[in-house]
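The following account leads the reader through a protein structure, from its overall layout to individual contacts between side chains. Please keep the sequence and the model in view while reading.

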Amino acid sequence: MSVIRATMCGPEEAVIGPSEECGAAQSPIDEIMTRRIACRDFCDAPVPRRTIEQILHVARFAPSGANIQPWHVYVLSGAAKANISAALLNAHETCRDEHVSEYKYYASELPDPYLKRRQEFGRLFYGSLGIRQADAEARSRQTAKNYTFFGAPVGLIVTIDRRLEAGSWLDLGMFVQNVMLAAAGRGLQSCPQETFSKYHRILRPPALDSGGADSGVRHLGREARSRGAAIDAAGACR
């Protein structure tokens, strides 16, 4: 087992070494944190409602400024999830340019080292799938898998009141991390996504309308394939 140690000066000083070097053994929460990954190939094994309730129950203990708890979660499965997927896929295939997110995820001009990290991820991810950078059609087909929840049996739509400010988005991020760690602690993997926010007009009416900005989607389920070096994918395999 290895851990990552890094100074605050920059990524070039980050090092990876045996856990013994840091003078302490990993705790159970360390194991959960280091084994949590963004899964992009789930099997269809059902996740009991009780398990989802337990995950959300413990995740709500995430810290938030003045304890306002600025998150709202919609849980999708079965026919409801299938209907949402169908609508999203249709929009992706026929009118994707007509849909725009309510907020920007990335800076317009992403500076280094963040740009290099993003480019490296794209190279590794699409390269592992055999998709060339110039193959727009293949990349679009891969993107479409986002809207099928990568085959996960459960999807979580997470929203935040659009009247809130940046501090509440930080609180929301801590809640989402709690959700993913609670799932991982129960043998489930997840995949946080922002791409769904582009289609907020589809997601909002009628069932998901709470006056909030869609902050993204989390999938929960058991993974269908083993871990690869190029893409962040590992967990309970089919």
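The paragraphs below take up the overall layout, one helix, a pair of strands and then the aromatic side chains.

The model is a predicted one. Its chain has seven helices and six strands, and along the sequence these elements follow the pattern β-β-α-α-β-α-α-α-β-α-β-α-β. The chain contains 238 residues, of which 38% are buried. Among contacts between residues at least 6 apart in sequence, 77% join residues at least 24 apart. One example of spatial proximity across the sequence is given by Ile68 and Ser168, which are 100 residues apart in sequence while their C-alpha atoms are 8.5 Å apart in space. Ile68 is placed in the loop between α2 (49–59) and β3. With a relative accessible area of 45%, Ile68 is partly exposed, since the partly exposed class runs from 20% to 50%.

Helix α3 may be considered next. This helix has 17 residues, and the distance from its first C-alpha to its last is 24 Å, close to the 24 Å expected at 1.5 Å a residue. How are the buried residues of α3 arranged when seen down its axis? The residues concerned are Lys81, Ile84, Ser85, Leu88, Ala91 and His92. They fall within an arc of 130° and therefore line one face of the helix. A general property of helices is relevant here: an α-helix has 3.6 residues a turn, so residues three or four places apart point the same way. The face of α3 turned away from the buried side carries the exposed residues Ala79, Asn83, Glu93 and Thr94. The cover over the buried residues of α3 includes β3, α5 (136–144), β4 and α7 (200–203).

Two of these covering elements, β3 and β4, also pair with each other. Strand β3 (residues 72–76) runs antiparallel to β4, and five bridges join the two. Within this pairing, His72 stands opposite Thr159 in β4. Strand β4 (residues 154–161) is mostly covered, with seven of its eight residues buried.

The aromatic side chains form the last topic. The structure holds eight aromatic pairs. One of them joins Tyr103 and Trp169, whose ring centres are 4.9 Å apart; their planes stand at 65°, so the pair is edge-to-face, the angle being over the 60 degrees that this class requires. The pair links distant parts of the chain, as Tyr103 lies in the loop between α3 (78–94) and α4 (114–128) and Trp169 in helix α6 (residues 166–184), 66 residues apart. Trp169 has a relative accessibility of 29% and so counts as partly exposed.

Tyr105 and Tyr106 form another edge-to-face pair, with 4.7 Å from centre to centre and 75° between the planes. Is Tyr105 buried or exposed? Its relative accessibility is 52%, and Tyr105 therefore counts as exposed. Tyr106, with a relative accessible area of 40%, is partly exposed. Tyr106 also has a charged partner: the charged end of Arg118 sits over its ring, 3.9 Å from the ring centre. An arrangement of this kind involves Arg139 as well, which lies over the face of Tyr126 at 4.0 Å from the ring centre. Finally, Tyr147, Phe149, Phe196 and Tyr199 form one aromatic cluster.

Methods
Residues are numbered from 1 along each chain as its sequence is written. This is a predicted model: local features need pLDDT of at least 70, side-chain atom pairs count only at pLDDT 80 or more; totals for chains, interfaces and linings use all residues. Side-chain values use heavy atoms; hydrogens and water are left out. Rings of Phe, Tyr and Trp (its six-membered ring) pair if their centres lie within 6.5 Å; planes under 30 degrees apart count as stacked, over 60 as edge-to-face and the rest as tilted. Helices (H or I, at least four residues) and strands (E, at least two) are DSSP runs, numbered from the N terminus. Buried means under 20% relative accessible area, exposed over 50%, partly exposed in between (1.4 Å probe, protein chains only). A charge sits over a ring if NZ of Lys or CZ of Arg is within 6 Å of the ring centre and within 35 degrees of the ring normal. Two strands pair if DSSP finds at least two bridges between them. The expected span of a helix is 1.5 Å times one less than its number of residues. The arc is that of the directions from the helix axis to the C-beta atoms. Contact means heavy atoms within 4.5 Å.
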